[in-house]
Amino acid sequence: MNKSLSYIYLLMVAVLLGTATSSCHRKPTPGDSYDIKVMKPSPRDTVHTEEARPIPEFHSVFIYDADTIHVKISPEYAIDVTGPHSYVKSHQSVVRNTNLYVKYDNRDTHYRRTSVHVSLPVLNCLQIRGCNVLIVDGADVDSHNMLVDLQNVEKIRFASPLHAMSIRLMLADCGPAHFSAYCRDFIASFQNSPGVSISGKVASLRFDGGKREDADISRLTAGQIINK
């Protein structure tokens, strides 16, 4: 074998080894699942299904597209999805790096016919994208740094008070909601989300980018308010 062929052969081996290594270390995108067979949801599906899913410990919740989302602060870790059979089977879930991701394989909002029920003792981050009803209740939410990021949520009932060193609350295209917060630094941003009220006690309150949108803070005790 001449030198040129030897170089080509070595190059081909290196490429194959590199491809195999990269595929073994491929990081799944948020919502990837390895144990749920995805089905195509059928609009004619009326078979009700309740599916509890085994999961490891998680402290952050990311849910995309559901009719109802219920997050309960309790000692146990749990998740179950209910709704028409094919819709439940198309709603993927996975825990990665203590983050729970739940989403449809297809992001068509017409597929919001499931209810997602989650329970966990510590909530550091709650991110919701697309939901008719969001309920957060149970014990108080206690964390060091907390992020609540909600988009396109029609009805919000946040019954659990928020306790943390710092809290960041972001709402976009959401319906009326009330939040009770107790922290040192509270940062809020409201975009096209009228009817928001905040109560509790904070050392400093800042409206990010000045986006207050007539939020009611009459029941909030704040040592300093920035971007009134």
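**Cores and parallel strands in a predicted model**

The largest nonpolar core of this predicted model has 50 residues, and those with the most contacts inside it are Leu150, Ile156 and Phe186. A nonpolar core is here a set of buried Ala, Val, Leu, Ile, Met, Phe, Trp, Tyr and Cys residues joined through side-chain atoms within 4.5 Å. Strand E12, residues 177-191, gives the most to this core, with seven residues. Apart from the largest core lies another one, of five residues, among them Tyr64, Val94, Tyr101 and Cys125. As general background, nonpolar side chains tend to be buried together in soluble globular proteins.

A few conventions help in reading these values. The model is predicted, so local features need pLDDT of at least 70 and side-chain atom pairs count only at pLDDT 80 or more, while totals for chains, interfaces and linings use all residues. Residues are numbered from 1 along each chain as its sequence is written, and side-chain values use heavy atoms, with hydrogens and water left out. Buried means under 20% relative accessible area, exposed means over 50%, and partly exposed lies in between (1.4 Å probe, protein chains only). Helices (H or I, at least four residues) and strands (E, at least two) are DSSP runs numbered from the N terminus.

Taken as a whole, the protein chain has two helices and 14 strands. Of its 228 residues, 46% count as buried. The accessible surface of the chain comes to about 12,100 Å², and 55% of that belongs to carbon and sulfur atoms; these areas come from the Shrake-Rupley method with a 1.4 Å probe, and for residues only the protein chains shown count as cover. With contact taken as heavy atoms within 4.5 Å, residues 24 or more positions apart account for 45% of the contacts in the protein chain with a separation of 6 or more.

The strands can be followed from one pairing to the next, where two strands pair if DSSP finds at least two bridges between them. E2 and E7 pair in the parallel sense over twelve bridges, and E7 in turn pairs with E9, again in the parallel sense, over ten bridges. Seven bridges join E9 to E11, which run parallel, and E11 and E12 also pair in the parallel sense, over seven bridges. Individual partners help to fix the register: histidine 70 stands opposite isoleucine 135 in E7, and the bridge partner of cysteine 125 in E9 is leucine 147. Further along, glutamine 151 stands opposite alanine 172 in E11, while methionine 170 has serine 189 as its bridge partner in E12. Eleven of the 14 residues of E7 are buried, so this strand is largely enclosed by the rest of the structure. E11 is mostly covered as well, with five of its seven residues buried.

Several residues show these strands in closer detail. Isoleucine 135 belongs to E7, residues 125-138, and is buried at a relative accessible area of 17%. Leaving aside neighbours within four places in sequence, isoleucine 135 is in contact with Ile69, His70, Val71 and Arg157. Its C-alpha lies 5.9 Å from that of phenylalanine 158, although the two residues are 23 apart in sequence. Threonine 68, in strand E2 (residues 60-73), is likewise buried, with a relative accessible area of 18%. Not counting residues up to four places away in sequence, threonine 68 touches Thr114, Ser115, Val116 and Val133. Its side chain also makes a polar contact with the side chain of aspartate 67, at 3.2 Å. Such a contact is a pair of N or O atoms within 3.5 Å; within protein, one must be able to donate a hydrogen and the other to accept it, and residues adjacent in sequence count only if both atoms are side-chain atoms.

Isoleucine 156, one of the residues with the most contacts inside the largest core, is in contact with Leu134, Leu150, Leu171, Cys174, Gly175, Pro176, Ala177 and Phe179, leaving aside its neighbours within four places in sequence.

Finally, two residues other than glycine have a positive phi. Asparagine 152, with phi near 60°, is found in strand E9, residues 145-158, and counts as partly exposed at 36% relative accessibility. Aspartate 173 has a phi of about 55°. Aspartate 173 sits in the loop between strand E11 (166-172) and E12, and is partly exposed, with a relative accessible area of 45%.
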